[in-house]
Protein chains: 2
Amino acid sequence: MTTENVTETEHEAITELREHLRKIALISHASTVLSWDQETHMPSSGGGVRAEALGELAGIAHERSQQPALGESIERAEEAAFASGDETLQALVREVRHDYERSLRIPVEHATESAEVNSKSIMAWQSAREQDDFSAFEPMLSRQIELQKAEAEYLRDDEDCLYDVLMNKYERGMTSANFSEICRQVVPGLKGIIDRVVARALPEPEFFRGPWEKTKQLEFSKEVATQLGYDLDKGGLDLTSHPFCTSPVAPFDVRITTRVYEDNFTSNLYGVIHEAGHAMYEQGFEEKWVHTPLCDAISLGIHESQSRFWENDIGRTEAFWVHFLPLMKKYFPRILEDVSANDMALAVNPVKPSLIRVDADEVTYGLHIALRFEVEQALFSGDLQVADLPSAWNEKMESYLGLTPPNFKDGVLQDIHWSFGAFGYFPTYLLGSLYSAQFHQAISEEIDIDQEVAAGRFGEILDWLRERIHKPGRQFMPLDLLERAVGKGLDPAIFVDHLDRKVQSIHGV
Amino acid sequence: MTTENVTETEHEAITELREHLRKIALISHASTVLSWDQETHMPSSGGGVRAEALGELAGIAHERSQQPALGESIERAEEAAFASGDETLQALVREVRHDYERSLRIPVEHATESAEVNSKSIMAWQSAREQDDFSAFEPMLSRQIELQKAEAEYLRDDEDCLYDVLMNKYERGMTSANFSEICRQVVPGLKGIIDRVVARALPEPEFFRGPWEKTKQLEFSKEVATQLGYDLDKGGLDLTSHPFCTSPVAPFDVRITTRVYEDNFTSNLYGVIHEAGHAMYEQGFEEKWVHTPLCDAISLGIHESQSRFWENDIGRTEAFWVHFLPLMKKYFPRILEDVSANDMALAVNPVKPSLIRVDADEVTYGLHIALRFEVEQALFSGDLQVADLPSAWNEKMESYLGLTPPNFKDGVLQDIHWSFGAFGYFPTYLLGSLYSAQFHQAISEEIDIDQEVAAGRFGEILDWLRERIHKPGRQFMPLDLLERAVGKGLDPAIFVDHLDRKVQSIHGV
């Protein structure tokens, strides 16, 4: 895994390949900034041209990513990487080859149209959601599903179904059969925990309602993110309706966004920690591999494991509040006067079925994913039509969580993902929790996590992740990365046990 | 000037041309957003890649702008425009031809390198200014001058000198001989006014120091800009160290930035009005001509006339404060308790030599321009070397304004312009004042400006500008536009008289 024994010629071949990658990355960089701007600062009247520009850039990037010259350069780099015996270089060219082969299968027109439709469709979703009007989004959603079906056809190898092709875009090697099995193992465990807690649910503590002054919330959560290890000098924090993390160029410019409400500080605080977790992952790539797949996430499940680790396994613990409550009391002395770290831990770990995924607690969250997974599968198998989506959604919501959405925006219109054509994406959220639980278990064997966190020391924990999870980028496939990091394969039981113990220790049931 | 008599074939030729222009504009759109982001939100660690990306995009845009297919399309469009007899179309193709011919002369490598050097050089200037270290900026400045000399050689027709070629980039038809003559007419007048006021200068009123809470300043100035006619739904307001206006896509997305200090509200308020004036110009282009030269500024002098008109001829008047003081008192009731509109008018119209151009008053401002004009001429004629620039600057500062900068950042390093290669640009600021004074005179003949402003009615005034100045875009050359709008040519005496009267009425001398 060193690059010391690479000869001059081998080095040249890699350098030449990287120049190709750089030319593609610069265009993607522009697209990423444009998309970030669209979500954060662009006035709505700029949307039409923005969509066209994103389509145009996607076309250019796509053209560059399927040039024959790139293919030839990859061949030379493959020979060089093989000759060098360098594992990192071999992984690099393997991943470049992967992207190239896939790019070749997608016609430029499809890439251009997709980017343009995405940009427009996000705007359509936003306005449909605001007006609580599913029918206003339906045509765009149908178009997105058509485009994604077409893309899955282009990319299909030996996958059992189109939906598996899409899942693979986000989580290499994952199939709907595997994920069904994971759900089969996880869902009953979650339901069991929920039943136990809900039976003796505590009311939300009075202090929780605030009001929490927005600017103070933002300052506090920014300070928390910084202490955890998010480097704001290589990023930034902006306000949006839907929080996200985006990397104009990893690891040098990795930004997060958040939202803030006066009557609830958790949305902002845990949103920021969550996105900072994502950002720390991308800030942890090795600078020297900028513009290459080694400065890229191997999968969204691994990505999500980093956000969930910091949000749930660090942020929603009593130890976290032992350290951070005194700081938060400086911002909100009156409201938090009589509140203890233990009160906080209990308050920020409710277990209660609810309608909105992003506001869901750690336990019920998995059920939101199971719902979406089933709905998406049905949409792509043809078992479900877009027009019937709202009723399918509501039925599953009733069966998984015992709730019926009173409107579209708290139901089928709540998530942004479908608006940008991301189907097969939701399962990675649950996978993230599974990975995170396993990382937590492995770190615990080396580090006393609670002791470090309570003392406000996050460096060793972050270093563990940096070394094993962040630095490799796309060098290892998700399950290999997991195995190398924790010494065993994916095991849903670890996640369920982990949650079970946490709920017992906090809720006492 | 109608497009009603255009035939199908003519229409097709224009449509085809516009498709070429659109493909160029989409790339420029991306560059503009990237540049805006660089100034407003990008972390400094993202700067290296950003510079490369801007270079890459400039290369693509430049390649597209000199394609032979574009040349052929222009020919067909020229025939169509000629046949149609439509003056607007004729102006459109004339301007497209102008850009095309100039683009052909600039090698793609030069365009790419310029964009990349600009982006890096802005960062070098920022850090040199922060560290007050001219030598840290000197190499980049020299490189910029070399690049601009090369560009002037490429673009040179029959201009007397390279500097005239550069002036022409910003103000079509302007020469250094003309501008010298303007300075010759204006400078003595300004000096006379300054001497009169300085002799009996009033101290800055006590209330002026504030402290002015920043968020309140921002809210107030935003409301002022909106009332004047800046449409925030087609733009946005952000914070930067150097205020500017930029158009990702005019007239749909025209943004401004500002800065804000607690001890001085004028920097923010008049900065916002100034940039809003620029923005209203670009928001006033006709939507149907998006991506064409008819949705573009004819010159920076005309652009500046719009910012100066709103800032100085509207914003710095007693009538303005008759209307806006009550609103400002809502934000700052304690500080402004005993302040009258007349007090305000006096306070915001100081006349006092100072070091910083952007903070200079309306009268001394012109002297800052004369200084820069002479220095730039000398740099491009070879009479002045970059290394000698600081001392040349300081000498002229002493002779024009009787002041010696105590450091570089309040002297030769104060302006951003040279860092992005903008030489020949400063004269347009003074030209803007000249145009503005003439527009003011012409509007006064039709509209009682003070009466409208005092009543908070800005619509008629804006409409006058919209119709005569904004809507045409690049249809008419600057001096033609002026003549059509006010019925006479450029006359520096009108500006000097205008200032003279204003100073008399406010300062009583």
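Select strand E1 of chain B and strand E3 (residues 253-258) of chain B. The two run parallel, joined by 5 bridges. Strands here are DSSP runs of E, at least two residues long, and helices are runs of H or I, at least four long, both numbered from the N terminus. Two strands pair if DSSP finds at least two bridges between them. This is a predicted model: local features need pLDDT of at least 70, side-chain atom pairs count only at pLDDT 80 or more, and totals for chains, interfaces and linings use all residues. Residues are numbered from 1 along each chain as its sequence is written, while chains are lettered from A and ligands numbered from 1 in the order in which they are written.

Now pick Leu237(B). Its bridge partner in E3(B) is Ile256(B).

Add E2 to see the sheet. It is open, has 3 strands in the order E1-E3-E2 (chain B), and its pairing is mixed. E1 (235-239) and E2 (245-249) of chain B are the edge strands; each has a single partner strand, so one side of each lacks a neighbour in the sheet. From one strand to the next, the twist averages 25 degrees.

Next, the helices. Select helix H1 (residues 8-40) of chain B. H1 packs on the sheet and touches E1, E2 and E3 of chain B. Contact means C-beta atoms, placed from the backbone, within 7 Å. The direction of H1 makes about 145 degrees with that of E2(B). Angles run from 0 to 180 degrees between N-to-C directions, with axes fitted to C-alpha atoms, for helices over the stretch in contact. Then select helix H10 (residues 265-283) of chain B. H10 lies across E1, E2 and E3 of chain B, at about 165 degrees to E3(B).

Finally, show chain A. The contact takes 25 residues from chain B and 25 residues from chain A. On the chain B side, H1, helix H2 (47-65), E1 and E2 each give two or more residues.

Notes
Contact = placed C-beta atoms within 7 Å.
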